[in-house]
Each structure stands twice: as structure tokens, then as C-alpha cells.
Amino acid sequence: MENSGSKKRSAAVRDFFTSAKCLIYLIHAFSTWGDRMWHFAVAVFLVELYGNSLLLTAVYGLVVAGSVLLLGAIIGDWVDKNSRLKVAQTSLIVQNCSVILCGIIFMVVFHFQDHLKELYNGWLIACYVLVITFANIANLASTATSITIQRDWIVVVAGEDRSKLADMNATVRIIDQLTNILAPMLVGQIMAFGSHLIGCGFISGWNLCSMCLEYCLLWKVYQKTPALAIKGGQKVEDQELMQLNCQKEPESSQKLSESSQLMNEVVQVKAESRKKAGCWYQMTEPFRTFRDGWVAYYNQSIFLAGMGLAFLYMTVLGFDCITTGYAYTQGLNGFILSLLMGASAISGICGTVAFTWIRKKCGLIRTGFISGLWSFDLSVTQLIQENVIESERGIINGVQNSMNYLLDLLHFIMVILAPNPEAFGLLVILSVSFVAMGHLMYFRFAYKSLGSRLFLCCSPEHKTGTRDPSLPTAV
């Protein structure tokens, strides 16, 4: 009996570690570890290269935020119109290769900085431009990865189980916070006790190894979850061909020939219509995608909740590159900064753990209303996952990222206008104001959805185990 129980336990453990859910966690852990090391290091590197000024860091943030603002809807549309595996693998390769190139450029600049200045000062400026360009490409690819894995693959792996989806979201967020503690501490120690040059080499090497491993894990998850191969946001001609393929098998070779001929005619008609549209139609397609994405986002039932989340990005209170750069100008070394980031991450883990408990007691909407920052973020994320149809999941999340970066862009503009560390206190006051405005927007959404029931302690979701029926759904 004991041997039988031991075998069952070992089989259960083995099944969990080979499940698609666990592999998703591993992919996310490796990816965020590299991201956290890079986001921490790039702020320190830029401040170091530009003489303890936040100007170059603010320009970098401005470029990154502006790019996602303009291209977020287009990236989301690309995610919707291509296969899940292709999107995930392409964005993975582009992101990691861009970070590796940035690391190599930083190594060259740190090693030959004096020689470059003596040779021609323009070479140093060219290096700055290349670093910001490749870092921006890496961030755009990271946006695509985040949309496809955290907003789409997780929903498919969880299936119709909303509680499982909430648990997976919370686990992914805990992984975020743990890597936010450990990854900066590691690279901070390397830079503090070694050098910036060694730190650049370590980050580049990590991204190279991580890219290969994540690529294989993505393929394993795709194989273990057949539903990932079926996507609602396919192109029109693909859907028509699929409908033709789903018809009953022809009873004779004549019917088979007719079916094949019909498929070819569908493809030809679509190709001819694209030719007739002309070059102007093709050139303006990104602008139409941008417009349609924002219109679709505005028409979503969770629009106000998404706006509330976006307003939290208009802040310098978190440990982003601006706050990290400011602390560095005050004399804090990389190791101390990593410890402070770790303390911030621990509070995030506490909020994430609280999210799962509060959601079970009070329901999803109330969780965002009564809980703290991290639970608020998770609540809005799951509201979008549950209420946006599959064919629009990419573009809506792309626009949400654009909205987040729009407010993030404003906070970088504030820093550019007031780059001196002495003006940081004013930025903090403005940040608190925007956080308050974000919570007011979410309160408006919550009250519109639940009415006076918003202030009740227990929700229908807690009693029935299903989604709150009063929540409006997307059409």
C-alpha cells in the first residue's frame, strides 16, 4: 500500500512538471529573469555613460514608450493574424538577439570609451543611437511575447476554468516578483564586485542560453496543448478554406475535384481583390489597423478598467529606469539598488498572494476595487482575458499596452523637462495624483458593472464558482 501511494505521488509530481502549465511557468521564469537583469542594468549603464545625468535614460524611455504607443495595435494585430507558435518563436528570437547586440555594444563602449572620444566623438554618439535602437526593438518583441504568452497561451491552457486562470495569472506574477528580487541582486553584485564590462557579458550570455531553452519549451507546450493550433483570429480566406475542409468527405472523385476547384477559386478571388486595391491601400493598412484597434478598445466593456490601469504608469514611484537612475545619482551602488528593488518585489508578492484569496471571497471586480496595486493589476488583466473575444485578444492587449506606454511616455517627458535630481520631489507629487485618478476610473467601471452591489462583501462568483454574471461581456 505504501509503495502504491508513493508511486502515485511520484507520478503526480512527474505529471505536473511535464504539464503545459508548468512549462509555461518555466518559459516565463527564464524570460523574465533575462528581462529583469537587462532593465536594471540598462538604466545604470546609460547613467554611467552620460556623466551621472538622467537625460539619456529619459530619451531611451521616451523612444521605447513612443514606439509601443504607435505600434502596439499593429503588433497585436500581427499576433492575431499569425499562428501562436510562429508569433512566440519569432518574438523570442528577435528580443534576445537584440539584447545580445546591445550587450556587445556596451562592452565595446566601456572598453574603448576613451579611445572613441579621442578618435571621433561621433562614434560615441553612434553607439548611443545603436544601443537605444536595439533596446527599443527588444522591447517591441517583448511586448509581442507578453501578449501571446501571458494574454493568450495562458487562457488557452487554462481552458474554461476561471479559477485555474486566476491561479496561473497569480503564479506568473509571483515569478515576476521573485525574478525582480533575485535577478537584479545577481547582476548588481557582478557590477559592484566585478565591472560593468563583466555585467554586460553575463547578460548577453544569459540571453543566448535562455533563448535556446525557451525555444524548445515553447515547442513542447504547443505539442501538449492541441487547442493552441486553433485560432479564432485567422485571415478571412483561411477561415473560408477551413470551412470547406470541415465539410463532409465527397462521396466520389468528381465531388473531390469540385471541392478543390472551389478552394482555388476562393484564393484567386482574394488575390485579385488585393491587386485591385492597389499600392495605396497596402501602404495605409497600418494606419487603418491602428485606428480600428483603438476604436475596438474604446468599445470594450472593460475600457474604463484598462484606463485605470494605464494611469498607474504615469508614476516615478516604481523601480523603473528613472527611479533607478535617480537613486544611482544619489550615491547608491548596484548592490544597494538591487536590495531596494527586492524589498519592493516582496510587497508585490504579498499583494499577489492576497489577490487569489480576496478574489475567492469578494469576486474579481471587487478585488480590483478594494485591494492594493498588485491585486489591482491582476484584476484588470483577468477582466481583459475573460471578456475580450479570441479574435481580438491580440489587438486589444496591444492597444492596452499602447495606453500604458502613453502615460509612461508622459512621465518620461516630465523627466526630460526636469532632468535634475533636485526636481524629483515634484515628479513624486504628480505621480500620486495620477495614481488617484486611475483608481477613480476603476471605481467608475466597478460601480457601472455592479451598482450598489459593489459594496457587498460576498459576490455571486464566490457562491457559484463562475464568473460574476453582472459583468458586461464583449460582443
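Colleague: What makes Tyr-50, Leu-55, Val-59 and Val-63 a nonpolar patch on the surface?

Modeller: Together they have about 260 Å² of accessible area, computed by the Shrake-Rupley method with a 1.4 Å probe, where for residues only the protein chains shown count as cover. A patch takes residues with over 30% relative accessible area and no salt bridge, joining nonpolar side chains (Val, Leu, Ile, Met, Phe, Trp, Tyr) within 5 Å and like charges within 9 Å. A salt bridge is a side-chain nitrogen of Lys or Arg within 4 Å of a carboxyl oxygen of Asp or Glu. This is a predicted model, in which local features need pLDDT of at least 70, side-chain atom pairs count only at pLDDT 80 or more, and totals for chains, interfaces and linings use all residues. Residues are numbered from 1 along each chain as its sequence is written, and side-chain values use heavy atoms, leaving out hydrogens and water.

Colleague: Why is Cys-212 called partly exposed?

Modeller: Buried means under 20% relative accessible area and exposed over 50%, with partly exposed in between (1.4 Å probe, protein chains only). Cys-212 has 45%, so it is partly exposed. Cys-216, at 48%, therefore counts as partly exposed too.

Colleague: How do you know that Cys-212 has no bond to Cys-209?

Modeller: A disulfide is a pair of cysteine sulfur atoms within 2.5 Å. The sulfur of Cys-209 is the closest to that of Cys-212, but at 6.9 Å, so it is too far for a bond. Cys-216 is in no disulfide either, its nearest cysteine sulfur, in Cys-212, being 7.4 Å away. The search of the whole structure finds 0 disulfides.
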